[in-house]
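Let's walk through this structure together, one region at a time. Keep the sequence and the 3D view at hand as you read.

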Amino acid sequence: VTVTNELVKNTGDLNITKTVVGGTDAQSFSIVVDCSDNAFDQTILVADGEIKSNTGIPEGVTCSATETVPTPPAGFTYQAAGIVPAGIVTIGNGTTEVIAVTNTLVQNTGDLNLTKIVIGGTDAQTFTLDVTCDNNNTVFTVDVTAGNSSFVTGLPEGTSCTIVEQV
C-alpha cells in the first residue's frame with residue numbers, strides 16, 4: 001500500500017491600490033512593500049487607479065507599505081500619503097489583504113495685494129478696481145480706499161491678472 005500525503009502551503013495575496021485625489025497625475029508612484037518574510041519585499045510602481053498584486057504569500061506573513069511623497073505636478077503640492085491600514089496586515093489563508101495608498105493634491109494659491117496711492121492730495125475716497133484674471137477669465141470688483149489695501153485671495157499659482165480702475 002502506498003500512501004501519498006500532499007502538503008499544500010496555505011497562502012494569501014496582497015493588493016496595493018493607488019488613488020490620487022484633488023487633481024490628476026499621470027506618473028507612476030514608487031511604493032515599498034516590506035514583509036516579515038523578506039522574499040516578498042518589493043518596490044512597486046503603481047499609477048493612479050491601478051492595483052498591483054503580490055500573490056502566494058505564506059499565511060501569517062505580515063506586510064506594510066510606505067511611500068515617499070512624490071514630485072507633484074506644477075502648481076500643486078502633495079500632502080503626506082494616506083496609507084490604510086496605517087500599520088501591518090497579516091496574510092490569511094485564501095484571503096486577499098488590501099493596502100490603499102492615497103495622495104491628495106492641493107493647488108498652490110497666492111493673494112493679490114491692491115494698494116491705491118493718491119499723489120498731491122489727501123482724498124480718502126474709495127476707488128473701484130476691476131481685476132480680470134486668466135484662470136477662467138475670473139473678474140473681481142474690488143473697492144480700495146486711498147492709502148489702504150484690498151486683497152484678492154486664493155488665486156491659483158501662475159495666474160495673471162489685469163487691473164483697470166473704473167472712472
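**A pair of rings**

There is one aromatic pair here, where rings of Phe, Tyr and Trp (its six-membered ring) pair if their centres lie within 6.5 Å, and planes under 30 degrees apart count as stacked, over 60 as edge-to-face and the rest as tilted. The ring centres of Phe 29 and Tyr 78 are 6.2 Å apart and their planes are at 85°, so this pair is edge-to-face. The two residues come from distant parts of the chain, 49 residues apart: Phe 29 belongs to strand β2 (residues 28-35) and Tyr 78 to strand β6 (residues 76-78). Helices (H or I, at least four residues) and strands (E, at least two) are DSSP runs, numbered from the N terminus. Both Phe 29 and Tyr 78 are buried; buried means under 20% relative accessible area, exposed over 50%, and partly exposed in between (1.4 Å probe, protein chains only).

Before going further, please note that this is a predicted model, in which local features need pLDDT of at least 70 and side-chain atom pairs count only at pLDDT 80 or more, while totals for chains, interfaces and linings use all residues. Residues are numbered from 1 along each chain as its sequence is written, and side-chain values use heavy atoms, with hydrogens and water left out.

Phe 29 has another partner: the charged end of Lys 18 sits over its ring, 4.2 Å from the centre. A charge sits over a ring if NZ of Lys or CZ of Arg is within 6 Å of the ring centre and within 35 degrees of the ring normal. Elsewhere, the charged end of Lys 116 sits over the ring of Phe 127, 4.6 Å from its centre.

**Strand β1 and its neighbours**

Now look at strand β1 (residues 11-21), which runs antiparallel to strand β4 (residues 51-58) and is joined to it by six bridges. Two strands pair if DSSP finds at least two bridges between them. Here Asn 15 stands opposite Ser 53 in β4. β1 also pairs with strand β9 (residues 96-107), in the parallel sense and over nine bridges; Asp 13 has Thr 96 in β9 as its bridge partner.

Thr 17 lies in β1 as well. Its relative accessibility is 18%, so Thr 17 counts as buried. Not counting residues up to four places away in sequence, Thr 17 touches Glu 50, Ile 51, Val 98, Ile 99, Ala 100 and Val 101, with contact meaning heavy atoms within 4.5 Å.

**Two nonpolar cores**

In soluble globular proteins, nonpolar side chains tend to be buried together. A nonpolar core is a set of buried Ala, Val, Leu, Ile, Met, Phe, Trp, Tyr and Cys residues joined through side-chain atoms within 4.5 Å. The largest one has 17 residues, and Leu 14, Ile 16, Ile 31 and Ile 99 touch the most other members. At least two residues of this core come from each of β1, β2, β3 (42-47), β5 (62-67) and β9, and β2 gives the most, with three residues. A second, separate core has eight residues, including Leu 114, Leu 129, Cys 133 and Val 144.

**An open sheet**

Four strands form an open, antiparallel sheet in the order β3-β2-β5-β8. At its edges are β3 and β8 (89-90), each pairing on one side only. Two bridges connect β5 and β8 in the antiparallel sense, and Thr 62 stands opposite Thr 90 in β8.

**Strand β11 and beyond**

In a regular strand the side chains alternate between the two faces of the sheet. Strand β11 (residues 126-133) shows this alternation: Phe 127, Leu 129, Val 131 and Cys 133 point to one face and are buried, while Thr 126, Thr 128, Asp 130 and Thr 132 point to the other and are not.

β11 pairs antiparallel with strand β12 (residues 138-145) over eight bridges, and Thr 132 has Val 139 in β12 as its bridge partner. The hairpin of β11 and β12 has four residues between the strands, where Asn 136 takes a positive phi near 65°. Five bridges also join β11 to strand β14 (residues 161-165), again antiparallel, with Asp 130 opposite Val 164 in β14.
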